[in-house]
Amino acid sequence: MLDRKQYDLEMDKVNKDQIGEIAKYLSNFIELNANMRDQKVNTLGNEEAVKYISSLTFNREGRDFKEVADEMVKNVFECQTLLQHPRYLSLVCCSISPYSIIGSVLADIYNINTAAYNMAPTATIIEEKLISFMAERIGFDTKKATGVFTSGGSLSNLTGMIAARENKLNHNKDLPIAVAYTSDQAHSSVVKGMKMMGLRPDQIKVIPSDDAFKMRMDLLEAELEKDKNAGLRPFLIVGTCGTTNTGSIDPFCEIAELAEKYDMWFHIDGAYGGSILFSDIYNNLAKGRELADSFSWDTHKWALQPYSSSTVIAKDRDKWVNAFNEHPEYLEDVRQSEHLDGWDRGVEMSRPFRAVKLWATIQALGTDKLADIVDYSFFNCSLMEKELNKKDYWQIIAPPSCAALNFRLAPKGIDESEYDELTNMLSKRINDAGYAYILTTTLKGKKCCRVCLINGNTTSEDIINTVEHINGIAEDLIKSFKK
Ligand SMILES: *Cc1c(COP(=O)(O)O)cnc(C)c1O
């Protein structure tokens with residue numbers, strides 16, 4: 001027999017000193033986080049770290065863990081764009097709550113698997129309670145609703161769209177003639193998910209948006225009518241609550257009416273804008289969302305959660321489970337029926353206890369805090385628009401919606417054909433300087449700076465100082481451009 005000592009745990013080697021080391025990493029991080037405002041946003045371009053990590057290899061004997069951990073902190077964790085920096089104003093990234101970090105660490109230490117109720121009953125109940133809380137915010141009947149925590153909006157969208165396919169289509173007859181619809185402002189994960197579901201490119205219809213970047217209902221209806229008359233089977237429409245580009249919200253009441261008329265599943269991608277439902281003031285912007293069949297909502301976007309924390313919430317648990325339950329013989333002993341097992345509610349089987357992060361946050365901070373963050377984000381976004389409007393070289397391309405704002409550099413005396421290049425150069429100079437971080441997007445053919453002000457630590461002072469800072473960069477740029 002192979003004489004081998006138990007090697008996999010080596011728990012005897014994890015002594016108090018090492019626990020002290022781990023606590024030190026945590027306290028370093030907390031300090032870094034507390035002083036983030038004083039740091040440069042952009043710490044990318046650390047070529048030394050890239051070279052060092054690229055040069056590492058594996059060895060047979062292993063090596064001292066302290067060395068490994070220290071080199072990771074220095075070369076990996078502290079070598080990234082600071083997405084949680086209060087003046088990181090791009091993409092859809094948020095600040096994180098310390099309570100969610102603690103929840104996350106505990107979930108990892110105890111290594112809970114939320115695949116089934118019987119593996120961790122109270123963890124499942126916590127997930128159910130959060131799904132129910134969010135279903136109520138959407139306006140679904142909480143007795144009938146269900147849902148699941150997933151890795152992100154991309155997987156949440158895919159899950160909702162698979163439920164659509166399984167509930168609306170007969171595989172033999174309908175699948176080859178099925179058609180799915182979304183708008184030209186939908187997130188890339190929507191069309192990607194449609195492809196992954198097995199739809200051909202000609203089965204995916206991208207409907208143009210209007211001047212407010214909302215899906216055009218006249219064009220959608222015309223397309224539906226045309227497709228139905230051609231003998232096709234429209235079965236899915238995906239609207240967005242908070243588009244990635246401009247924060248626009250599609251007209252859900254009208255979409256729902258068409259979904260009903262053509263017997264389609266209606267999914268809402270609220271990955272980013274879903275969190276406006278925490279706000280008593282702004283939830284009204286998403287009228288008609290309760291008419292959807294399923295709703296994606298990332299809490300790692302605008303609700304203080306670290307990656308990854310997303311949900312997809314469904315109106316009708318019977319229809320939902322119909323898409324995802326299988327009954328393998330090796331799971332019969334752990335299956336039970338009163339609570340739905342995680343594996344019957346979505347794509348994944350083994351799953352980390354993602355819900356604990358949001359649970360810890362809401363329990364510690366209360367629900368008002370999440371509403372405050374959303375309300376303050378809206379305030380800051382309007383403030384930024386006001387500050388920009390004080391100078392005549394800024395042009396607003398898409399006004400505030402879901403705390404997103406798009407503007408470009410459009411100075412008098414310089415030809416409009418140069419604005420794209422000017423705006424690109426501006427973004428590059430802002431990011432090189434590292435005081436703030438602002439990326440660009442293109443809207444209706446115009447290059448814009450796009451900001452998304454959903455970080456709970458971004459203050460109005462940050463906004464005012466950032467506009468002053470970018471005014472300086474803009475003025476230099478205009479001067480050198482005119483020469
Ligand atoms: C971010 C985002 C997604 C994708 O979510 P991930 O969590 O990054 O997978 C989908 N839709 C919208 C509108 C988003 O903003």
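Buried here means under 20% relative accessible area. With that cut-off in hand, let's walk through some close-up views of this predicted model.

**Figure 1. Strand 7 sits in enclosed surroundings.** Take a look at residues 310-314, which make up strand 7. Five of the five residues are buried, so the strand is largely enclosed by the rest of the structure. Side chains in a regular strand alternate between the two faces of the sheet. Here, Ser-310, Val-312 and Ala-314 point one way, while Thr-311 and Ile-313 point the other way. The residues of both groups are buried.

**Figure 2. Strand 7 pairs with strand 1 and with strand 6.** Strand 1 (residues 146-150) runs antiparallel to strand 7, and five bridges join the two. Within this pairing, Thr-150 stands opposite Ser-310. Strand 6 (residues 294-298) is likewise antiparallel to strand 7 and is joined to it by five bridges. For Ser-294, the bridge partner in strand 7 is Ala-314.

**Figure 3. Four strands form an open antiparallel sheet.** Reading across this sheet, the strand order is 8-9-11-10. Strand 8 (394-401) and strand 10 (439-443) stand at the edges. Each has a single partner strand, so one side of each is left without a neighbour in the sheet. Neighbouring strands are turned by 35 degrees against each other on average, with direction ignored. If you zoom in on strand 8 and strand 9 (residues 404-409), you will find an antiparallel pair joined by five bridges. Ser-401 stands opposite Ala-404 of strand 9. Helix 16 (residues 460-482) packs on the sheet and touches both strand 8 and strand 9. The direction of helix 16 makes about 25 degrees with that of strand 9.

**Figure 4. Helix 5 packs against helix 13.** Two packed helices are described by the angle between their axes and the distance between the axes. For helix 5 (residues 121-138) and helix 13 (residues 355-365), the angle is about 65 degrees and the axes are 9 Å apart. That makes helix 5 roughly perpendicular to helix 13. The crossing of these two helices is left-handed. On the helix 5 side, the residues at the meeting point are Ile-126, Glu-127, Lys-129, Leu-130, Phe-133 and Met-134. Helix 13 meets them with Ala-355, Leu-358, Trp-359 and Ile-362.

**Figure 5. Ser-377 is a buried residue of helix 14.** Helix 14 covers residues 367-388, and Ser-377 is found in it. The relative accessibility of Ser-377 is 3%, so this residue counts as buried. A polar atom of the Ser-377 side chain lies 2.8 Å from the backbone oxygen of Ile-373. Leaving aside neighbours within four places in sequence, Ser-377 is in contact with Trp-302, Ala-403, Leu-453 and Ile-454.

**Figure 6. Asp-174 belongs to helix 7.** Helix 7 spans residues 171-174, with Asp-174 among them. Asp-174 has a relative accessibility of 8% and therefore counts as buried. The side chain of Asp-174 makes a polar contact with the side chain of Lys-173, at 3.3 Å. Leaving aside neighbours within four places in sequence, Asp-174 is in contact with Lys-168, Leu-169 and Arg-233. To place Asp-174 in a wider frame, look across to Gly-273: these residues are 99 residues apart in sequence and 33 Å apart in space, C-alpha to C-alpha.

Conventions:
Residues are numbered from 1 along each chain as its sequence is written. This is a predicted model: local features need pLDDT of at least 70, side-chain atom pairs count only at pLDDT 80 or more; totals for chains, interfaces and linings use all residues. Side-chain values use heavy atoms; hydrogens and water are left out. Buried means under 20% relative accessible area, exposed over 50%, partly exposed in between (1.4 Å probe, protein chains only). A polar contact is a pair of N or O atoms within 3.5 Å; within protein, one must be able to donate a hydrogen and the other to accept it, and residues adjacent in sequence count only if both atoms are side-chain atoms. Contact means heavy atoms within 4.5 Å. Two strands pair if DSSP finds at least two bridges between them. Axes are lines fitted to C-alpha atoms, for helices over the stretch in contact, and angles run from 0 to 180 degrees between N-to-C directions. Angles under 35 degrees count as roughly parallel, over 145 as roughly antiparallel, 65 to 115 as roughly perpendicular and the rest as oblique. A crossing is left-handed if the near helix is turned anticlockwise from the far one by less than a right angle, and right-handed if clockwise.
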